[in-house]
Amino acid sequence: MTPDVERAETASEPPAIEVEHVTKSYGHFTAVDDLSFAVERGSTVGLFGPNGAGKTTLLRMMAGLARPTRGTITVDGVELAPDDYTTYRTIGVVTHETMLYDELTARENLRFHADLHGVDDPADRCASVLDTVGLSHRGSDRPAAFSHGLRKRLSLGRALLHDPDVLLLDEPYTGLDQRSVADLESVLDGFDERTVVLTTHDLERGVARCDRALVVDRGRLEADLALDDAASFAAEYRRAIGVESEPERRGETTR
Amino acid sequence: MNAFLRAVYRVFRKDLRIERRTKQVTTTVAVFALLVVLVFAFSFVQTLQRSALLGRGALWVAFVFAGTFGVTKTVELEDRNGALDGLLIAPVDRSAIYLGKVLSATAFIFAVSLVTLGATTVFLGYGPSIPTAVSVAAVLLVAAIGFAAIGVVVSVLTFRSGLDELALPVLLVPLVVPLLLAGVDLTAALESGSPLGGWLRLLGLYTGVVLLAGVATFEYVVEA
């Protein structure tokens, strides 16, 4: 059992997310290999790792989009189970894809998802979310007419509709220009009370956004680091995935 | 209306709204079905005196082609932008999502089948009486439900597993053969006034079985 799981068990309320011995295999290929960690409520945790490390697979399992081959995932004290969809009310998900219909307007897209999530007073909630993501003036436009950044913001709005306690963001910065990143950051800044788990290759932004980093490589948890110091994290990260520079390697040897 | 039926209705209503706006499925598939009927008319111009036989054949050939395209287009809508994932992360039973998609695909396939039925009358001189045409339409409706029930599962499996789109008809057509056999023979029996017995039972039972199998397996198919 990891120290985080132990720490979580001593707390009075369960952690926001608890991943216990989770493995995901596709035939002979193991994408995620016996991962265990817990995410405290209100924290922002980054999943870092090279391409193919298993980050997205892990996030998809935490979202209920894929089933672990072994192990359990608990959200808000309730295990994600194949036939129990109630847990999904507490989770918001943003992936590489927007999950939006290009043929519906931004407002219609949000309304459809609000209805599916059983949101109270859906018309008002959709208007409020459009305002939150800065798209209230584009509600009648179709996402097909949006830039990549605006589509990402609308996708974020979709994930926020049911006011989830846990947000899972897969590569939220990918493909965004500086302005779109700043817009996205300003929306994320309002998430202080939510638990956020995000995957990113953008170490600088990830370090600035997250309280804690889980470094995953070849499906295994290689490091669990507090993000106090961006410079030391970069070195720790490279060491964890085995691509440290020569001076770093020498430093490690001399220590 | 309980939560399950509400979810079925919402998925269905969303598909209808998109179709009303784009007419992507019905227009494309109806034109394709009409072309199939026309090809029949041109190919068998010398034997048009056997119009009932030709009309029946064209109707069901067009049904299979139109159904394959119709169900693919309906599921493709969920493949774009990862929209299916958006449905799967909603707190609703996944079989409600499946049934919503089956309902949409059935509506599109049935609408195109009615257009095809009209086209076979115009271009092939296939002219069943009004009561027979109504009965044939009822057979087409049940067959459309069965086709959609199989087609949604196979299309989702094809899209989710990244199989080539040519794999879809290869997987789908053998599974709809019982529907096709029952449909063709029921149409002939309705025209001649013969007993419907066995073929009617086959159509009803097979449709029921594939629908239940779809409800039971959709959860696993979407996680493929």
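## A sheet in chain A and a pocket in chain B

In this predicted model, six strands of chain A form an open sheet with mixed pairing, in the order β6-β7-β8-β3-β9-β10. The edges are taken by β6 (91-94) and β10 (220-226) of chain A; each has a single partner strand, so one side of each is left without a neighbour in the sheet. Direction ignored, neighbouring strands of this sheet are turned by 15° against each other on average.

Strands of a sheet pair through backbone hydrogen bonds, and the pairing is either parallel or antiparallel. Strand β9 (residues 212-217) of chain A is antiparallel to β10(A), and six bridges join the two. One residue pair can be named here: Asp217(A) has Arg220(A) in β10(A) as its bridge partner.

A helix also packs on the sheet: α5 (residues 148-160) of chain A touches β6 and β7 (166-170) of chain A. The direction of α5(A) makes about 165° with that of β6(A).

The second topic is the largest pocket, which holds about 360 Å³ of space. The pocket is lined by 17 residues, and those closest to its centre are Phe69(B), Thr72(B), Glu165(B), Leu168(B) and Pro169(B). Three helices of chain B, α3 (51-79), α6 (130-160) and α7 (167-192), each supply at least two residues of the lining. Which helix gives the largest share of the lining? That is α3(B), with seven residues.

The table divides the lining of the largest pocket by residue class.

| Class of lining residue | Number |
|---|---|
| Nonpolar | nine residues |
| Polar | four residues |
| Charged | four residues |

Technical notes: Residues are numbered from 1 along each chain as its sequence is written. Chains are lettered from A and ligands numbered from 1 in the order in which they are written. This is a predicted model: local features need pLDDT of at least 70, side-chain atom pairs count only at pLDDT 80 or more; totals for chains, interfaces and linings use all residues. Side-chain values use heavy atoms; hydrogens and water are left out. Two strands pair if DSSP finds at least two bridges between them. Helices (H or I, at least four residues) and strands (E, at least two) are DSSP runs, numbered from the N terminus. Axes are lines fitted to C-alpha atoms, for helices over the stretch in contact, and angles run from 0 to 180 degrees between N-to-C directions. Contact means heavy atoms within 4.5 Å. On a 1 Å grid over the protein atoms alone, a cavity is a set of points where a 1.4 Å probe fits but cannot get out, and a pocket is an open set with protein on both sides within 12 Å along at least five of seven lines; lining residues have an atom within 4 Å of a point. Grid points are joined across faces, edges and corners, and a volume is the space filled by probe spheres set on the points. Ala, Val, Leu, Ile, Met, Phe, Trp, Tyr, Cys and Pro count as nonpolar, Asp, Glu, Lys and Arg as charged, and the others, Gly among them, as polar.
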